[in-house]
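Thanks for coming, everyone; please bring up the sequence and the coordinates on your own screens, and keep them open while I talk. I will go through the features one region at a time, and you are welcome to stop me along the way.

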Amino acid sequence: MDATPPPPPSCRICAGEVTECLDLGPQPVSSGYPREPEEDSGYRFRLAVGVCSSCGMVQQLEEIPPTRMFGGSYPFRTSTSRHMEAHFRDTADRLVRGLRGQRDPFLVEIGSNDGSLLRTVAEAGIRHLGVDPSSAAASPDRPAGVRVLVDFFHEETAKAVRDEHGEADLVYSANTVSHISDLGSVMRGLDAVLGRDGLFVCEDRYLADIVRNTYFDQIYDEHFYLFSVRSVQALAERFGFTLVDAEHLGVHGGSLRYTIARRGTREVSPVIPALLAEEHALGLGDPSTYLRFGDRVRGIRDGLVGLLRELAGQGASVVGYAATAKSATVLNYCGIGPELLPFICDSTPEKQGRLSPGTLVPIRSPEAFRPYPDYALLFAWNHAEEIMAKESGFTEAGGRWITYVPEVRVTGARS
Ligand code: TMP
Ligand code: ZN
């Protein structure tokens with residue numbers, strides 16, 4: 001007797017049919033850094049991605065309970081990179097300038113992390129509130145004057161914020177909303193807290209850049225959705241809003257900053273139809289685009305593992321640089337453990353002395369980068385310029401950087 005095939009998964013946003021098109025699992029929780037191998041819970045999930053035929057939202061098919069993801073020890077800090085610090089300072093300046101003309105404006109940031117952005121907002125004397133459940137947000141070290149509600153942003157929290165502080169003129173969020181599988185609750189929260197003419201400005205990694213550059217390591221548990229203009233537009237429309245503008249940003253290998261307003265309150269920028277046409281030409285709604293993406297990812301895996309084995313065979317030393325969340329996908333998908341990569345240097349104190357999630361590669365301080373290895377595998381390719389400049393002594397001494405997206409490359413010349 002034939003078993004009936006399981007029904008296709010349905011879209012978390014619109015209940016449309018989702019076609020599975022990429023499988024990078026099994027994967028551990030990307031932000032779980034055990035102190036020793038026994039501390040690895042062994043929990044793994046299938047990191048699989050599908051695309052909705054109806055609204056175009058690219059989404060993961062299996063969900064990790066959020067409490068497993070952002071526990072008290074969530075080790076990400078916005079201000080670990082100068083480049084990102086400058087980006088958020090510049091963003092905050094622009095948001096503040098936009099609010100200046102209004103009477104007693106109120107800004108809410110969803111996912112305010114260590115308060116990097118809100119510091120500038122607070123210094124400008126603008127009423128604000130960060131909503132963030134992480135330990136970085138709760139930390140007493142956060143900048144003076146920054147106000148935070150340590151909680152997840154959802155409909156109830158948003159109502160509580162409105163009741164206590166009044167309607168928001170601006171809700172801003174960077175690299176956070178795509179983590180929340182129940183986006184409906186976020187959108188209803190926005191509806192509750194945003195004033196009639198208020199704006200929601202939200203930036204996140206851009207699906208088009210991920211696809212163009214085979215940035216497969218941008219796919220990990222936290223990035224539950226990979227946003228595009230089409231999918232964000234559909235999401236906004238569903239909840240009574242309109243996507244009115246989008247701006248391309250260089251951060252994280254390519255991000256988009258979306259501006260969303262209540263329906264009928266703003267003109268839609270011509271940028272939106274232009275980007276929609278580009279996305280269509282790129283095939284972002286077409287499952288076959290991701291099947292080809294998957295072929296390229298397998299090519300990268302084979303190339304990278306082949307290179308590391310070859311270097312090990314030659315007796316060359318290789319260490320990892322920057323224990324990013326992205327590296328969890330790479331290491332686990334490629335099966336790279338301490339036998340191929342003895343350790344990874346990372347500047348985040350909370351990660352040092354711990355092990356990478358899943359494949360248990362030790363993480364050490366950047367001081368362990370000296371004496372220099374022969375090769376360094378760079379996981380923070382989004383900070384390549386900053387890191388390579390900081391470690392210029394490495395290439396001067398003949399060291400070579402290995403990068404793996406958009407393809408496996410070895411840089412720097414050995415004299
Ligand atoms: P991100 O790609 O999510 O921003 O994470 C960056 C990681 O890279 C973070 O763990 C800190 C690490 N890092 C270094 O170790 N050295 C550096 O110079 C920079 C910029 C980042
Ligand atoms: Zn959908």
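Let me begin with Pro8, which is partly exposed, its relative accessible area being 45%, in a model that, I should say at once, is predicted. Pro8 sits in the segment before S1, and, not counting residues up to four places away in sequence, Pro8 touches Glu17 and Val18. The C-alpha atoms of Pro8 and Glu20 are separated by 8.2 Å, with these positions 12 residues apart along the chain, counted as their distance in sequence.

From there I move to the metal site. Which residues hold the zinc ion, ligand 2? The protein donors are the SG atoms of Cys11, Cys14, Cys52 and Cys55, which lie 2.3 Å from the ion. Along the chain these donors of ligand 2 follow the spacing C-x2-C-x37-C-x2-C. Since Cys14 belongs to the segment before strand S1, residues 18-23, while Cys52 belongs to strand S2, residues 48-52, the pair ties together parts that are 38 residues apart in sequence. As for the geometry, the angles among the four donor atoms of the zinc ion run from 99 to 117 degrees, and the site is tetrahedral. Both Cys14 and Cys52 are buried.

Next, the helix pairs, beginning with helix H2, residues 82-99, and helix H3, residues 116-123, whose axes come within 8 Å and cross at roughly 40 degrees. That angle makes H2 oblique to H3, and the crossing in which H2 passes H3 is right-handed. On the H2 side the contact is made by Phe88, Arg89, Thr91, Ala92, Asp93, Leu95 and Val96, and on the H3 side by Leu117, Thr120 and Val121.

Two of those H2 residues come back when we look at Glu203, which is in strand S8, residues 194-205, since Phe88 and Thr91 are among the residues in contact with Glu203 once neighbours within four places in sequence are left aside. The same list for Glu203 also includes His87, Tyr172, Ser173, Ala174, Asn175, Leu249, Val251, Leu256 and Arg257. Is Glu203 buried or exposed? With a relative accessible area of 1%, Glu203 is buried.

The second pair is helix H5, residues 155-165, with H6, and these pack at an angle of about 15 degrees with their axes 7 Å apart. H5 and H6 are therefore roughly parallel to each other, and H5 passes H6 in a right-handed crossing. Glu155, Ala158, Lys159, Val161 and Arg162 in H5 meet Ser185, Arg188, Gly189, Ala192 and Val193 in H6. How much of helix H6, residues 183-193, is covered? Mostly covered is the description, as nine of its 11 residues are buried, among them Ser185, Gly189, Ala192 and Val193.

The third pair is helix H8, residues 229-238, and helix H9, residues 271-282, with axes that come within 9 Å and cross at roughly 125 degrees; H8 and H9 are therefore oblique to each other. Here Val229, Arg230 and Gln233 of H8 meet Ile272, Leu275, Leu276 and Glu279 of H9.

Turning to the loops, Ser356 is found between strand S13, residues 344-345, and strand S14, residues 363-364, and Ser356 is buried, with a relative accessible area of 1%. Setting aside neighbours within four places in sequence, Ser356 is in contact with Tyr33, Pro34, Leu331, Ile344, Val361 and Ile363. The loop between S13 and S14 is also the place of Leu360, a residue other than glycine whose phi is nevertheless positive, near 55 degrees. Asp104, in the loop between H2 and strand S4, residues 106-110, likewise has a positive phi, of about 45 degrees, although it is not a glycine.

I close with the backbone at two prolines. A cis peptide bond, with omega about -5 degrees, joins Arg370 and Pro371, and Pro371 lies in the loop between S14 and strand S15, residues 375-378. The peptide bond from Val405 to Pro406 is cis as well, with omega near -5 degrees, and Pro406 is found in the loop between strand S16, residues 400-403, and strand S17, residues 409-411.

Definitions and conventions:
Residues are numbered from 1 along each chain as its sequence is written. Chains are lettered from A and ligands numbered from 1 in the order in which they are written. This is a predicted model: local features need pLDDT of at least 70, side-chain atom pairs count only at pLDDT 80 or more; totals for chains, interfaces and linings use all residues. Side-chain values use heavy atoms; hydrogens and water are left out. Donors are N, O and S atoms within 2.8 Å of the metal (3.2 Å for Na, K and Ca); water is not among the atoms, so sites may look incomplete. Four donors count as tetrahedral if all angles lie between 85 and 135 degrees; four count as square planar and six as octahedral if opposite donors are over 155 degrees apart and all others between 65 and 115; anything else is irregular. Helices (H or I, at least four residues) and strands (E, at least two) are DSSP runs, numbered from the N terminus. Buried means under 20% relative accessible area, exposed over 50%, partly exposed in between (1.4 Å probe, protein chains only). Axes are lines fitted to C-alpha atoms, for helices over the stretch in contact, and angles run from 0 to 180 degrees between N-to-C directions. Angles under 35 degrees count as roughly parallel, over 145 as roughly antiparallel, 65 to 115 as roughly perpendicular and the rest as oblique. A crossing is left-handed if the near helix is turned anticlockwise from the far one by less than a right angle, and right-handed if clockwise. Contact means heavy atoms within 4.5 Å.
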